[in-house]
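Subject: Structure for your review

Dear colleague,

Please find below the structure that I promised to hand over. I would be grateful if you could keep it open while you read the notes that come after it.

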Amino acid sequence: MMPQTPKAFQSGATMKLIHVTDPHLVQPGGSLYGLYPDARFAAFVDDVNRSHGDAELCLITGDLTDLGEAEAYDLFAGELDRLVMPWRVILGNHDSRKNFRARFPACPVDDDGFVQDVVETSVGTLVLLDTNEPGIAAGRLCERRCAWLGRQLAAMEGQVMIAMHHPPFDVGIPRLDQIGLQDQAAFAETVLPHRDRIRHIFFGHVHRPVSGSWQGIGFSTLRATAHQVALHFDVRESLPGSHEPPAYAIVLVRDDAVIVHSHDFLDASPRFDMAKYDTKPWPK
Ligand SMILES: [Fe+2]
């Protein structure tokens, strides 16, 4: 007998969600760590429009710009205008809430002015959190933001997904964990009473593909469209970067699973028909 899908997860729908993160846009044409964030992000928009224009939503999990400049938000807005699917964005530590809100006055904020909102999707509610804290690289989910989250979770029914820039737990990369979410305990205290209906946590900040589960809740993040963080578990004084390829994720959320496909959209390696070349006999 097949195990039953928990009642809170029974929507009957499948949602295709695009998750992309950390564009780190700078001034038009400007470079960052030897790369061109505007060209990278434009290539993402071209690719996702061409290949996944049927997605229900594109979620961009922060560090929309590198220095929060107004011109970089103008650039970002121009690229968002080109997306063929609806989009929602959250802020990262590299963003300026003030400049973001000036450029995107229609983006909802909570009663305290944080860029937090809930989005109804075909498979449940997506909660967007604002962990930006001006002047620091670490993330905050202060008392007011946590209280807002608690009220939203208490008021909503059905399954829930959460999007935030900073991972709400240590990921094992020392320098990143030093600039992680400062309010991990408060987040856990707020979220865990609702654990049974939280499907997934999407975050950015890490600039690497990392996935798994935390307290039984699935999570994923992925490479940035800009520069990457090199894989290491023992460097504490610095944050080694890399030019590994950028990616975006195609996430299929359905009643029985959350499936995350990572796509290296600049990869130009040859494609081939495996069946045509595979003449080996199957092992017996
Ligand atoms: Fe970032």
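The notes below go through the metal site, a set of paired strands, the salt bridges and a surface patch.

Please bear in mind throughout that this is a predicted model.

The metal site

Which residues hold the iron ion? The iron ion is coordinated by two aspartates, D22 and D63, through OD atoms, and by two histidines, H24 and H207, through NE2 atoms. The distances run from 2.1 to 2.2 Å. Along the sequence, the donor residues follow the spacing D-x1-H-x38-D-x143-H. H24 sits in the loop between β1 (15-20) and α1 (37-52), while H207 sits in the loop between β7 (198-203) and β8 (210-214), so this pair ties together parts that are 183 residues apart in sequence.

The angles among the four donor atoms range from 85 to 174°. A tetrahedral site would need all angles to lie between 85 and 135 degrees, and the site of the iron ion is classed as irregular.

Are the two histidines buried or exposed? H24 is buried, with a relative accessible area of 1%, and H207 is buried as well, at 4%.

The paired strands

Strand β12 covers residues 248-254. It has antiparallel partners in β1, to which five bridges join it, and in β13 (residues 257-263), with which it pairs over seven bridges. The connection from β12 to β13 is a hairpin through two residues.

A249 is a useful residue to locate here. It stands opposite H19, and it also stands opposite S262 in β13. Five of the seven residues of β12 are buried, so this strand is largely enclosed by the rest of the structure.

The salt bridges

How many salt bridges does the structure hold? There are 14, and I describe some of them here.

R97 and D130 form a salt bridge whose closest N and O atoms are 2.9 Å apart. This pair links distant parts of the chain: R97 belongs to helix α3 (residues 97-103), and D130 to the loop between β5 (124-128) and α4 (143-155), 33 residues apart. R97 counts as buried at 14% relative accessibility, and D130 counts as buried at 0%.

The side chains of D47 and R50 meet in another salt bridge, at 3.4 Å from N to O. Both residues lie in helix α1, three residues apart, which is about one turn of the helix. D47 is buried, with a relative accessible area of 8%, whereas R50 counts as exposed at 61%.

R254 forms a salt bridge with D256, and here the closest N and O atoms are 2.6 Å apart. R254 counts as partly exposed at 33% relative accessibility, and D256 is exposed at 53%.

Finally, D46, E79 and R82 are linked in a network of salt bridges.

The surface patch

What kind of patch do F272, M274 and Y277 form on the surface? The patch is nonpolar, and its three residues together have about 430 Å² of accessible area. Y277 is found in helix α7 (residues 274-277). This tyrosine is exposed, with a relative accessible area of 58%.

With kind regards,
A colleague

How values were computed. Residues numbered from 1 in each chain as written. Predicted model: local features only at pLDDT ≥ 70, side-chain atom pairs only at ≥ 80, totals over all residues. Heavy atoms only, no water. Donors = N, O, S within 2.8 Å, 3.2 Å for Na, K, Ca; no water. Tetrahedral: all angles 85-135°; square planar, octahedral: opposite > 155°, others 65-115°. Helix = DSSP H or I, 4+ residues; strand = E, 2+ residues; numbered from the N terminus. Buried < 20%, exposed > 50% of the residue type's maximum accessible area, 1.4 Å probe, protein only. Patch = residues over 30% accessible without salt bridge, like charges linked within 9 Å, V, L, I, M, F, W, Y side chains within 5 Å. Areas by Shrake-Rupley, 256 points an atom, 1.4 Å probe, with all protein chains shown as cover. Salt bridge = Lys/Arg side-chain N within 4 Å of Asp/Glu carboxyl O. Pairing = 2+ DSSP bridges.
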